[in-house]
Amino acid sequence: MKKNLLALGIILMSALTFTACSDDNGNDDGVQPSLSSTNTYIPCAGNYMKNDGTVGLLDYNTGNRPNAPFLYYDAYQAQNGTGIGDAQDLIIVGNKIIVTSTSSSKLEILNRLGKLEHRVKLHNTQPRFLATDGKYVYFSAYTGKVYKVNPNDYKKTIIDSVIVGSHPEALSVANGKLYVNMSDYNYDGTGKSVSVVDLNTFKKIKELQVALNPYDQSYSVDDKVYFASSFHGEDAAVQVIDAKTDQVTTLCKANIFGYDKTKNRLICFSTQYDYTLERFVVNKAFTYDIATKEQKELNLEGLISPSQVSVDSKGYIYVIDTPKYSEPSRVFYYSPEGKLIQGPILVGYDAHKIKFAN
(Lines give C-alpha, C1' and ligand atoms only; values in the text may rest on other atoms or scores of the structure.)
Protein backbone atom coordinates (compact mmCIF):
# COMPACT_ATOMS: atom_id res chain seq x y z
CA MET A 1 0.00 0.00 0.00
CA LYS A 2 2.79 2.40 0.94
CA LYS A 3 4.69 1.90 -2.29
CA ASN A 4 1.49 2.34 -4.28
CA LEU A 5 0.95 5.68 -2.53
CA LEU A 6 4.48 6.80 -3.36
CA ALA A 7 4.20 5.75 -6.96
CA LEU A 8 1.01 7.51 -6.80
CA GLY A 9 5.42 27.95 -30.02
CA ILE A 10 1.63 26.51 -30.20
CA ILE A 11 1.07 24.47 -33.37
CA LEU A 12 -1.49 26.40 -35.37
CA MET A 13 -3.42 24.14 -37.75
CA SER A 14 -5.26 26.86 -39.61
CA ALA A 15 -5.77 24.64 -42.62
CA LEU A 16 -7.83 22.24 -40.54
CA THR A 17 -11.29 22.83 -39.16
CA PHE A 18 -13.19 20.49 -36.94
CA THR A 19 -16.30 20.02 -34.97
CA ALA A 20 -16.16 18.68 -31.44
CA CYS A 21 -19.12 17.65 -29.34
CA SER A 22 -19.04 17.17 -25.59
CA ASP A 23 -21.25 16.41 -22.63
CA ASP A 24 -21.64 18.70 -19.64
CA ASN A 25 -18.36 17.46 -18.17
CA GLY A 26 -16.39 18.59 -21.21
CA ASN A 27 -15.79 15.06 -22.51
CA ASP A 28 -15.80 13.96 -26.11
CA ASP A 29 -19.10 12.22 -26.95
CA GLY A 30 -17.67 10.05 -29.71
CA VAL A 31 -16.98 12.69 -32.38
CA GLN A 32 -13.22 12.94 -32.69
CA PRO A 33 -12.21 16.60 -32.40
CA SER A 34 -9.72 18.08 -34.79
CA LEU A 35 -7.35 20.53 -33.15
CA SER A 36 -7.40 24.14 -34.23
CA SER A 37 -4.66 24.71 -31.67
CA THR A 38 -3.65 23.28 -28.34
CA ASN A 39 -0.95 23.58 -25.74
CA THR A 40 -2.43 21.77 -22.71
CA TYR A 41 -1.51 18.10 -22.23
CA ILE A 42 -2.32 15.50 -19.58
CA PRO A 43 -0.28 12.29 -19.07
CA CYS A 44 -2.29 9.63 -17.23
CA ALA A 45 -0.51 6.59 -15.82
CA GLY A 46 -3.61 4.42 -15.72
CA ASN A 47 -4.37 1.65 -13.24
CA TYR A 48 -1.46 -0.57 -12.24
CA MET A 49 -0.79 -3.28 -14.85
CA LYS A 50 -4.07 -2.50 -16.67
CA ASN A 51 -2.44 -0.73 -19.64
CA ASP A 52 -5.16 1.93 -19.59
CA GLY A 53 -2.96 5.03 -19.41
CA THR A 54 -3.49 7.90 -21.83
CA VAL A 55 -1.83 10.93 -23.36
CA GLY A 56 -4.69 13.38 -23.52
CA LEU A 57 -5.14 17.06 -24.07
CA LEU A 58 -7.61 19.78 -23.26
CA ASP A 59 -8.72 21.20 -26.59
CA TYR A 60 -10.15 24.65 -27.12
CA ASN A 61 -10.28 27.52 -29.56
CA THR A 62 -7.68 29.92 -28.17
CA GLY A 63 -9.69 32.95 -29.25
CA ASN A 64 -12.53 31.95 -26.96
CA ARG A 65 -10.59 31.32 -23.73
CA PRO A 66 -11.06 31.55 -20.85
CA ASN A 67 -14.83 31.21 -21.14
CA ALA A 68 -15.26 28.55 -23.85
CA PRO A 69 -15.41 25.05 -22.34
CA PHE A 70 -12.51 22.65 -22.59
CA LEU A 71 -12.98 19.38 -24.45
CA TYR A 72 -10.94 16.38 -23.31
CA TYR A 73 -9.36 14.44 -26.17
CA ASP A 74 -7.48 11.11 -25.92
CA ALA A 75 -4.84 12.16 -28.44
CA TYR A 76 -2.67 9.03 -28.40
CA GLN A 77 -5.55 6.61 -28.98
CA ALA A 78 -7.05 8.75 -31.72
CA GLN A 79 -3.78 9.30 -33.57
CA ASN A 80 -2.32 5.79 -33.25
CA GLY A 81 -5.34 3.49 -32.98
CA THR A 82 -4.04 1.92 -29.78
CA GLY A 83 -3.32 2.84 -26.17
CA ILE A 84 0.08 3.89 -24.88
CA GLY A 85 0.02 1.45 -21.95
CA ASP A 86 1.02 3.87 -19.21
CA ALA A 87 2.18 7.48 -19.29
CA GLN A 88 4.14 8.61 -16.24
CA ASP A 89 5.26 12.02 -17.49
CA LEU A 90 5.55 14.10 -20.64
CA ILE A 91 7.38 17.20 -21.77
CA ILE A 92 7.00 19.35 -24.87
CA VAL A 93 10.16 20.39 -26.72
CA GLY A 94 9.64 22.30 -29.95
CA ASN A 95 7.24 20.32 -32.13
CA LYS A 96 7.63 17.06 -30.19
CA ILE A 97 6.12 15.46 -27.12
CA ILE A 98 8.38 13.11 -25.15
CA VAL A 99 6.61 10.58 -22.90
CA THR A 100 7.99 8.23 -20.25
CA SER A 101 6.22 4.94 -19.53
CA THR A 102 7.34 3.36 -16.25
CA SER A 103 5.56 0.00 -16.26
CA SER A 104 6.06 -0.42 -20.02
CA SER A 105 9.71 0.65 -19.64
CA LYS A 106 9.88 2.78 -22.78
CA LEU A 107 10.30 6.30 -24.08
CA GLU A 108 7.99 7.54 -26.83
CA ILE A 109 8.39 10.59 -29.05
CA LEU A 110 5.17 11.98 -30.54
CA ASN A 111 4.30 14.91 -32.72
CA ARG A 112 2.27 17.71 -31.16
CA LEU A 113 -1.00 16.02 -32.11
CA GLY A 114 -0.01 12.77 -30.37
CA LYS A 115 1.11 10.72 -33.39
CA LEU A 116 3.91 8.26 -32.57
CA GLU A 117 7.16 9.09 -34.38
CA HIS A 118 9.68 7.01 -32.48
CA ARG A 119 9.75 4.49 -29.64
CA VAL A 120 12.77 3.59 -27.51
CA LYS A 121 12.38 0.31 -25.63
CA LEU A 122 14.23 0.41 -22.33
CA HIS A 123 14.65 -3.06 -20.83
CA ASN A 124 14.05 -3.01 -17.04
CA THR A 125 14.73 0.73 -16.89
CA GLN A 126 11.40 2.10 -15.57
CA PRO A 127 11.73 5.73 -16.72
CA ARG A 128 10.05 8.30 -14.47
CA PHE A 129 10.16 12.10 -14.80
CA LEU A 130 11.40 14.49 -17.48
CA ALA A 131 13.19 17.85 -17.72
CA THR A 132 14.81 19.81 -20.54
CA ASP A 133 17.40 22.52 -21.09
CA GLY A 134 15.72 23.41 -24.39
CA LYS A 135 18.01 21.24 -26.50
CA TYR A 136 18.32 17.92 -24.69
CA VAL A 137 15.81 16.02 -22.59
CA TYR A 138 16.68 14.26 -19.33
CA PHE A 139 14.72 11.56 -17.54
CA SER A 140 15.12 9.81 -14.21
CA ALA A 141 14.73 6.04 -13.93
CA TYR A 142 14.56 3.34 -11.28
CA THR A 143 17.93 2.04 -12.46
CA GLY A 144 19.26 4.83 -10.23
CA LYS A 145 20.34 6.85 -13.26
CA VAL A 146 19.43 9.96 -15.20
CA TYR A 147 19.54 9.62 -18.99
CA LYS A 148 20.35 12.26 -21.59
CA VAL A 149 18.19 12.22 -24.73
CA ASN A 150 18.40 13.86 -28.14
CA PRO A 151 14.72 13.91 -29.22
CA ASN A 152 15.69 14.73 -32.82
CA ASP A 153 18.03 11.76 -33.33
CA TYR A 154 16.12 8.52 -33.89
CA LYS A 155 19.27 6.47 -34.50
CA LYS A 156 20.96 7.32 -31.21
CA THR A 157 18.25 8.82 -29.03
CA ILE A 158 19.87 7.98 -25.66
CA ILE A 159 23.18 9.84 -25.59
CA ASP A 160 24.47 9.28 -22.07
CA SER A 161 23.56 8.36 -18.50
CA VAL A 162 24.82 9.14 -15.02
CA ILE A 163 24.32 7.30 -11.71
CA VAL A 164 22.59 9.55 -9.16
CA GLY A 165 21.33 7.08 -6.51
CA SER A 166 18.34 5.00 -5.48
CA HIS A 167 14.90 5.82 -6.96
CA PRO A 168 15.31 9.29 -8.48
CA GLU A 169 12.07 11.09 -9.29
CA ALA A 170 11.22 14.65 -10.43
CA LEU A 171 14.06 16.81 -11.75
CA SER A 172 14.72 20.34 -12.97
CA VAL A 173 17.39 22.28 -14.88
CA ALA A 174 18.86 25.52 -13.51
CA ASN A 175 22.15 27.39 -13.92
CA GLY A 176 23.73 24.68 -16.07
CA LYS A 177 22.92 21.93 -13.57
CA LEU A 178 20.35 19.20 -13.15
CA TYR A 179 18.64 18.84 -9.77
CA VAL A 180 17.19 15.38 -9.11
CA ASN A 181 14.83 14.48 -6.25
CA MET A 182 16.03 11.33 -4.47
CA SER A 183 12.87 9.80 -3.00
CA ASP A 184 12.45 7.68 0.09
CA TYR A 185 10.87 4.90 -1.96
CA ASN A 186 12.00 2.18 0.44
CA TYR A 187 10.63 3.94 3.51
CA ASP A 188 13.94 3.55 5.32
CA GLY A 189 14.61 7.24 5.96
CA THR A 190 17.54 7.47 3.53
CA GLY A 191 15.71 9.34 0.77
CA LYS A 192 16.30 12.94 1.79
CA SER A 193 18.59 14.51 -0.76
CA VAL A 194 18.71 16.18 -4.16
CA SER A 195 21.47 15.01 -6.50
CA VAL A 196 23.21 17.67 -8.57
CA VAL A 197 24.55 16.88 -12.06
CA ASP A 198 26.79 19.23 -14.03
CA LEU A 199 25.34 19.37 -17.54
CA ASN A 200 28.65 20.25 -19.20
CA THR A 201 30.39 17.10 -17.97
CA PHE A 202 27.22 15.10 -17.24
CA LYS A 203 28.71 13.99 -13.94
CA LYS A 204 27.16 14.02 -10.48
CA ILE A 205 28.99 16.70 -8.52
CA LYS A 206 27.20 16.78 -5.16
CA GLU A 207 24.23 15.79 -3.07
CA LEU A 208 22.18 18.36 -1.15
CA GLN A 209 20.50 17.37 2.10
CA VAL A 210 16.78 18.22 2.15
CA ALA A 211 13.62 17.21 4.03
CA LEU A 212 12.49 13.58 3.82
CA ASN A 213 11.15 12.15 0.58
CA PRO A 214 11.47 14.74 -2.20
CA TYR A 215 9.18 13.20 -4.78
CA ASP A 216 7.16 14.34 -7.81
CA GLN A 217 7.18 18.15 -7.45
CA SER A 218 10.00 20.18 -9.02
CA TYR A 219 9.99 23.51 -10.89
CA SER A 220 12.85 25.65 -12.12
CA VAL A 221 12.31 29.41 -12.15
CA ASP A 222 15.32 31.39 -13.34
CA ASP A 223 18.15 30.29 -10.99
CA LYS A 224 15.83 28.75 -8.40
CA VAL A 225 14.51 25.19 -8.08
CA TYR A 226 11.30 24.72 -6.09
CA PHE A 227 10.40 21.23 -4.91
CA ALA A 228 8.33 19.46 -2.25
CA SER A 229 9.43 16.86 0.26
CA SER A 230 6.31 14.87 1.07
CA PHE A 231 7.56 12.92 4.11
CA HIS A 232 5.24 9.91 4.73
CA GLY A 233 2.04 11.41 6.01
CA GLU A 234 3.63 14.01 8.29
CA ASP A 235 3.82 17.73 7.52
CA ALA A 236 5.36 18.14 4.09
CA ALA A 237 7.70 20.97 3.09
CA VAL A 238 8.12 23.12 0.00
CA GLN A 239 11.78 24.05 -0.32
CA VAL A 240 13.84 26.10 -2.74
CA ILE A 241 17.42 25.67 -3.96
CA ASP A 242 19.41 28.70 -5.06
CA ALA A 243 21.18 27.20 -8.09
CA LYS A 244 23.98 29.78 -7.82
CA THR A 245 24.97 28.79 -4.27
CA ASP A 246 23.10 25.46 -3.86
CA GLN A 247 21.70 26.73 -0.56
CA VAL A 248 18.42 25.04 0.48
CA THR A 249 15.64 27.03 2.19
CA THR A 250 12.26 25.86 3.50
CA LEU A 251 9.33 28.03 2.45
CA CYS A 252 6.08 26.50 3.71
CA LYS A 253 4.27 23.29 4.62
CA ALA A 254 2.70 21.70 1.53
CA ASN A 255 3.12 18.56 -0.55
CA ILE A 256 1.38 19.78 -3.73
CA PHE A 257 2.14 23.09 -5.40
CA GLY A 258 2.25 24.92 -8.72
CA TYR A 259 4.16 28.05 -9.72
CA ASP A 260 2.26 31.12 -10.94
CA LYS A 261 4.68 33.35 -12.81
CA THR A 262 2.10 36.13 -13.30
CA LYS A 263 2.12 36.85 -9.56
CA ASN A 264 5.40 35.16 -8.53
CA ARG A 265 3.51 32.94 -6.12
CA LEU A 266 2.87 29.30 -5.34
CA ILE A 267 -0.55 27.64 -5.32
CA CYS A 268 -0.26 25.14 -2.46
CA PHE A 269 -2.12 22.21 -0.94
CA SER A 270 -1.33 20.33 2.22
CA THR A 271 -2.98 16.92 1.92
CA GLN A 272 -2.88 13.72 3.93
CA TYR A 273 -4.01 10.18 3.15
CA ASP A 274 -7.11 9.08 5.06
CA TYR A 275 -7.07 5.30 5.39
CA THR A 276 -10.76 5.22 6.34
CA LEU A 277 -11.88 7.19 3.27
CA GLU A 278 -9.10 5.62 1.17
CA ARG A 279 -8.19 8.93 -0.43
CA PHE A 280 -6.22 12.09 0.20
CA VAL A 281 -7.97 14.88 2.09
CA VAL A 282 -7.04 18.56 2.17
CA ASN A 283 -5.68 20.00 5.40
CA LYS A 284 -5.09 23.43 3.88
CA ALA A 285 -5.11 25.22 0.51
CA PHE A 286 -3.33 28.56 0.19
CA THR A 287 -1.22 30.89 -1.92
CA TYR A 288 2.38 31.68 -0.98
CA ASP A 289 3.85 35.00 -2.12
CA ILE A 290 7.52 34.34 -2.86
CA ALA A 291 8.61 37.95 -2.37
CA THR A 292 6.73 38.72 0.86
CA LYS A 293 6.36 35.13 2.20
CA GLU A 294 2.70 35.92 2.88
CA GLN A 295 0.20 33.04 2.89
CA LYS A 296 -3.45 33.54 1.97
CA GLU A 297 -6.15 30.92 2.32
CA LEU A 298 -7.51 29.62 -0.99
CA ASN A 299 -11.02 28.25 -1.32
CA LEU A 300 -11.33 26.20 -4.51
CA GLU A 301 -14.82 24.89 -5.14
CA GLY A 302 -15.58 21.27 -6.02
CA LEU A 303 -12.40 19.46 -4.98
CA ILE A 304 -12.53 16.14 -3.10
CA SER A 305 -9.01 14.72 -3.33
CA PRO A 306 -6.57 17.01 -5.22
CA SER A 307 -3.36 15.39 -6.40
CA GLN A 308 -1.66 17.98 -8.64
CA VAL A 309 -1.94 21.67 -9.50
CA SER A 310 -0.65 23.57 -12.52
CA VAL A 311 -0.83 27.25 -13.50
CA ASP A 312 -0.77 28.46 -17.11
CA SER A 313 1.02 31.50 -18.52
CA LYS A 314 -1.99 33.76 -17.79
CA GLY A 315 -2.35 32.66 -14.18
CA TYR A 316 -5.32 30.31 -14.60
CA ILE A 317 -5.31 27.37 -12.21
CA TYR A 318 -5.81 23.70 -13.12
CA VAL A 319 -6.25 21.11 -10.38
CA ILE A 320 -6.27 17.35 -10.89
CA ASP A 321 -8.70 15.66 -8.51
CA THR A 322 -8.60 11.87 -8.01
CA PRO A 323 -11.12 10.69 -5.39
CA LYS A 324 -10.82 7.04 -6.53
CA TYR A 325 -8.02 5.47 -8.55
CA SER A 326 -10.56 2.99 -9.97
CA GLU A 327 -12.29 5.93 -11.68
CA PRO A 328 -11.01 8.55 -14.14
CA SER A 329 -9.32 11.60 -12.69
CA ARG A 330 -11.05 14.95 -12.93
CA VAL A 331 -9.77 18.42 -13.80
CA PHE A 332 -11.09 21.64 -12.27
CA TYR A 333 -10.28 24.93 -14.01
CA TYR A 334 -10.21 28.20 -12.03
CA SER A 335 -9.60 31.88 -12.59
CA PRO A 336 -6.42 33.42 -11.11
CA GLU A 337 -8.58 34.53 -8.19
CA GLY A 338 -9.74 30.96 -7.55
CA LYS A 339 -13.25 31.16 -9.05
CA LEU A 340 -14.41 27.91 -10.66
CA ILE A 341 -14.79 28.29 -14.43
CA GLN A 342 -15.23 24.64 -15.45
CA GLY A 343 -15.20 21.23 -13.79
CA PRO A 344 -15.20 18.45 -13.21
CA ILE A 345 -13.77 17.50 -16.60
CA LEU A 346 -13.26 13.73 -16.74
CA VAL A 347 -9.86 12.74 -18.15
CA GLY A 348 -7.81 9.50 -17.94
CA TYR A 349 -7.06 7.20 -15.02
CA ASP A 350 -4.49 8.49 -12.50
CA ALA A 351 -3.70 11.80 -14.20
CA HIS A 352 -0.24 12.92 -13.14
CA LYS A 353 0.22 16.51 -14.24
CA ILE A 354 -1.06 19.11 -16.67
CA LYS A 355 1.76 20.28 -18.93
CA PHE A 356 1.81 23.36 -21.16
CA ALA A 357 3.65 23.78 -24.42
CA ASN A 358 4.40 27.43 -23.67
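Trainee: Let's start with S105: is this residue buried or exposed?
Mentor: Keep in mind that this is a predicted model. The cut-off for calling a residue buried is under 20% relative accessible area. S105 has 11% relative accessibility, so S105 counts as buried.

Trainee: Where is S105 found, and which residues does S105 touch beyond four places away in sequence?
Mentor: S105 is in the loop between β5 (96–101) and β6 (106–111). Leaving out residues up to four places away in sequence, the residues that S105 touches are K121, L122, H123, N124, T125, Q126 and P127.

Trainee: In the open sheet with the order β4-β5-β6-β7, which strands stand at the edges?
Mentor: That sheet has four strands with antiparallel pairing, and its twist averages 15° from one strand to the next. An edge strand has a single partner strand, so one side is left without a neighbour in the sheet. The strands that fit are β4 (89–93) and β7 (116–121).

Trainee: Which residue in β7 is the bridge partner of L107?
Mentor: β6 and β7 run antiparallel and are joined by five bridges. Within β7, the partner of L107 is V120.

Trainee: What about the sheet with the order β16-β17-β18-β19: what is its average twist from one strand to the next?
Mentor: This is an open sheet of four strands, again with antiparallel pairing. Its edge strands, each pairing on one side only, are β16 (214–221) and β19 (247–252). From one strand to the next, the twist averages 25°.

Trainee: Which residue in β17 stands opposite Y219?
Mentor: Strand β17 covers residues 224–229 and pairs with β16 in the antiparallel sense over five bridges. Opposite Y219 in β17 you will find Y226.

Trainee: Moving to β21 and β22, which residue in their hairpin takes a positive phi?
Mentor: β21 (residues 265–274) and β22 (residues 279–289) pair in the antiparallel sense over 10 bridges, and V282 in β22 is the bridge partner of T271. The hairpin has four residues between the strands. The residue with a positive phi, near 60°, is E278.

Trainee: And which turn residue has a positive phi in the hairpin of β22 and β23?
Mentor: β23 (residues 295–297) runs antiparallel to β22, and three bridges join them; Y288 stands opposite Q295. Five residues lie between these strands in the hairpin. The turn residue with a positive phi of about 70° is K293.

Trainee: How do N51 and N264 compare in exposure: what does each count as?
Mentor: Most residues other than glycine have a negative phi. Yet N51, in the loop between β1 (40–44) and β2 (54–59), has a phi near 55°, and N264, in the loop between β20 (256–260) and β21, has a positive phi of about 50°. With 56% relative accessibility N51 counts as exposed, while N264, at 29%, is partly exposed.

Trainee: Which residues are joined by a cis peptide bond?
Mentor: The clue is an omega of about 0°. One partner, P344, lies in strand β27 (residues 340–349). The cis bond joins G343 and P344.

Trainee: Why is the ring pair of Y318 and Y333 called tilted?
Mentor: This is one of 13 aromatic pairs in the structure. Planes under 30 degrees apart would be stacked and those over 60 edge-to-face. The ring centres are 4.9 Å apart, and the pair is tilted because the planes stand at 45°.

Trainee: Which residues make up the cluster of ring pairs that includes Y318 and Y333?
Mentor: Y318, in strand β25 (residues 317–321), and Y333, in strand β26 (residues 328–334), are 15 residues apart. Y318 is buried at 3% relative accessibility, and Y333 is buried at 2%. The linked residues are F70, Y316, Y318, Y333 and F356.

Trainee: Which side chain makes a polar contact with the side chain of K177?
Mentor: K177 sits in strand β13 (residues 177–182) and counts as buried at 10% relative accessibility. Among the residues K177 touches are S172, V196 and I205. At 3.3 Å, the polar partner is D246.

Trainee: How far is the charged end of K148 from the ring centres of Y136 and F202?
Mentor: This charged end sits over both rings. For Y136 the distance is 4.3 Å, and for F202 it is 5.9 Å.

Note on methods: Residues are numbered from 1 along each chain as its sequence is written. This is a predicted model: local features need pLDDT of at least 70, side-chain atom pairs count only at pLDDT 80 or more; totals for chains, interfaces and linings use all residues. Side-chain values use heavy atoms; hydrogens and water are left out. Helices (H or I, at least four residues) and strands (E, at least two) are DSSP runs, numbered from the N terminus. Buried means under 20% relative accessible area, exposed over 50%, partly exposed in between (1.4 Å probe, protein chains only). Contact means heavy atoms within 4.5 Å. Rings of Phe, Tyr and Trp (its six-membered ring) pair if their centres lie within 6.5 Å; planes under 30 degrees apart count as stacked, over 60 as edge-to-face and the rest as tilted. A charge sits over a ring if NZ of Lys or CZ of Arg is within 6 Å of the ring centre and within 35 degrees of the ring normal. A polar contact is a pair of N or O atoms within 3.5 Å; within protein, one must be able to donate a hydrogen and the other to accept it, and residues adjacent in sequence count only if both atoms are side-chain atoms. Two strands pair if DSSP finds at least two bridges between them. Axes are lines fitted to C-alpha atoms, for helices over the stretch in contact, and angles run from 0 to 180 degrees between N-to-C directions.
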